[in-house]
Amino acid sequence: MSRRGVEQVTNGHCPPVLVPRLLFMPPTSHALETWPDAAHGGEPAARELPGYDAFGAHPVDAQQLFWFRWIVGHQVSFVLWRAMCDVVWRHPDDSPGERELELLTACVDGYSAMLLYSSTVPRAHYHAHTRVRMVLQHPSFSGTWAPDYRPVRKLFRGKLPWQHDCAALEEAVARNGVTHDHIAGHLVPDGRSLLQQSAGAPGVTVSREKEDLYDNFFLTIRRPVSHVELVSQLESRLEELATDLTHNGLYPNVGGRHHPVVSGDSDELMKPLVTGVLEVLDRATRLVSETRLEEVRS
Ligand code: HEM
């Protein structure tokens with residue numbers, strides 16, 4: 001199999017084999033490296049985005065596909081949080097410029113799209129496989145352990161003084177809160193996270209060990225990374241998502257059934273995400289690519 005993780009099968013009938021790859025991220029306290037490759041910035045080429053169906057036609061290998069979606073949906077979120085973190089870091093009090101606000105808005109929406117994409121796993125499969133693997137990694141495994149999320153938590157909590165002046169950003173943050181609550185309630189109807197079910201409680205300081213366990217679960221390695229490398233990891237995952245969605249649809253055919261996440265009763269705020277996963281992620285990728293993040297902390 002190729003190292004790219006996507007084995008394109010050309011006869012049109014076989015499903016693509018989707019295998020998550022390692023994600024390389026800088027330690028949260030480190031700026032992105034300025035390597036010679038960063039000089040090759042330039043305008044990213046326009047991408048042709050394929051369309052995809054909400055309901056997939058071909059039966060899928062559920063183990064392989066939903067593992068891929070769970071890992072890669074998280075990895076893409078880590079990159080988007082990291083891109084946002086560099087703006088937030090630079091503007092603790094004063095408002096970022098228009099371009100940076102646009103970047104933040106696009107990344108928040110990109111993260112919402114990844115929440116939806118990851119949570120397309122059927123509920124029974126999630127409880128039998130995905131959640132079991134997380135519990136084995138640690139009994140109170142939690143999103144609060146995500147190293148790249150902590151620096152942008154304030155934004156998601158509406159705590160940055162300038163964020164309320166940007167209507168688009170406000171709407172994206174609201175959409176994100178609705179999406180996280182919706183997918184959490186969809187997959188775990190009793191609403192209790194692993195952290196809440198175990199002895200741990202939210203708000204406890206996160207140890208380095210827990211951060212490492214979290215990174216390790218999502219195949220994430222911390223080491224120096226340049227802006228160009230960060231963007232290229234985002235772009236290659238966008239391509240993989242496009243391959244997946246065009247073949248399998250957002251809601252794959254699992255043994256003849258589909259498991260929609262967003263239904264007629266769902267919040268209106270989420271509905272555009274159903275058809276817009278690739279578009280939203282493409283926009284975030286373009287803006288991250290165009291921003292010289294390595295300069296932000298200089
Ligand atoms: C699709 C993947 C998911 C991602 C990327 C994700 C991400 C996160 C993040 C970053 C936090 C920290 C929020 C903060 O500190 O303010 C969090 C907290 C939380 N998440 Fe999720 N989440 C996901 C799925 C779920 C699911 C399926 C549930 C179902 C119970 C859930 C329930 C919770 C709860 C209750 C919290 C509060 C803290 C805790 O008890 O762990 N999330 N999530």
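**Close-up views of a predicted model**

**View 1. The lining of the largest pocket mixes residue classes, with 23 nonpolar, 16 polar and six charged residues.** Welcome to the first stop in this predicted model. The largest pocket holds about 1,300 Å³ of space. Its lining is made up of 45 residues, and those closest to the pocket centre are Ser-142, Gly-143, Thr-144, His-180 and Ser-193. Six helices each supply at least two lining residues: H1 (62-90), H2 (98-118), H3 (123-137), H4 (153-156), H5 (167-187) and H6 (194-197). Look to H5 for the largest share of this lining, eight residues.

**View 2. His-180 meets the iron atom of the ligand.** Here we stay with a residue from the first view, since His-180 is among the residues closest to the centre of the largest pocket. Its NE2 atom lies 2.1 Å from the iron and is the single donor that the protein provides. To find His-180 along the chain, follow helix H5, the helix that also gives the largest share of the pocket lining.

**View 3. One cavity of 30 Å³ or more is found in the structure.** The largest cavity contains about 40 Å³ of space. Around this cavity you will find Gln-63, Phe-66, Trp-67, His-125, His-129, Thr-130 and Arg-133. Two elements, H1 and H3, each give two or more residues to the cavity lining. H3 gives the most, with four residues. By class, the cavity lining has two nonpolar, four polar and one charged residue. Both H1 and H3 may look familiar, as they also appear among the helices that line the largest pocket.

**View 4. Helices H1 and H8 cross at roughly 145 degrees.** Helix H8 spans residues 227-248, and its axis comes within 10 Å of the axis of H1. The crossing of these two helices is left-handed. On the H1 side, the contact is made by Leu-65, Phe-68, Arg-69, Val-72, Gln-75, Val-76, Val-79, Leu-80 and Arg-82. On the H8 side, the partners are Leu-230, Leu-234, Arg-237, Glu-240, Leu-241, Asp-244, Leu-245 and Asn-248. Sorted by class, the contact between H1 and H8 has 10 nonpolar, two polar and five charged residues. The charged residues include Arg-69 and Arg-82 from H1, and Arg-237, Glu-240 and Asp-244 from H8.

Notes: Residues are numbered from 1 along each chain as its sequence is written. This is a predicted model: local features need pLDDT of at least 70, side-chain atom pairs count only at pLDDT 80 or more; totals for chains, interfaces and linings use all residues. Side-chain values use heavy atoms; hydrogens and water are left out. On a 1 Å grid over the protein atoms alone, a cavity is a set of points where a 1.4 Å probe fits but cannot get out, and a pocket is an open set with protein on both sides within 12 Å along at least five of seven lines; lining residues have an atom within 4 Å of a point. Grid points are joined across faces, edges and corners, and a volume is the space filled by probe spheres set on the points. Donors are N, O and S atoms within 2.8 Å of the metal (3.2 Å for Na, K and Ca); water is not among the atoms, so sites may look incomplete. Axes are lines fitted to C-alpha atoms, for helices over the stretch in contact, and angles run from 0 to 180 degrees between N-to-C directions. A crossing is left-handed if the near helix is turned anticlockwise from the far one by less than a right angle, and right-handed if clockwise. Contact means heavy atoms within 4.5 Å.
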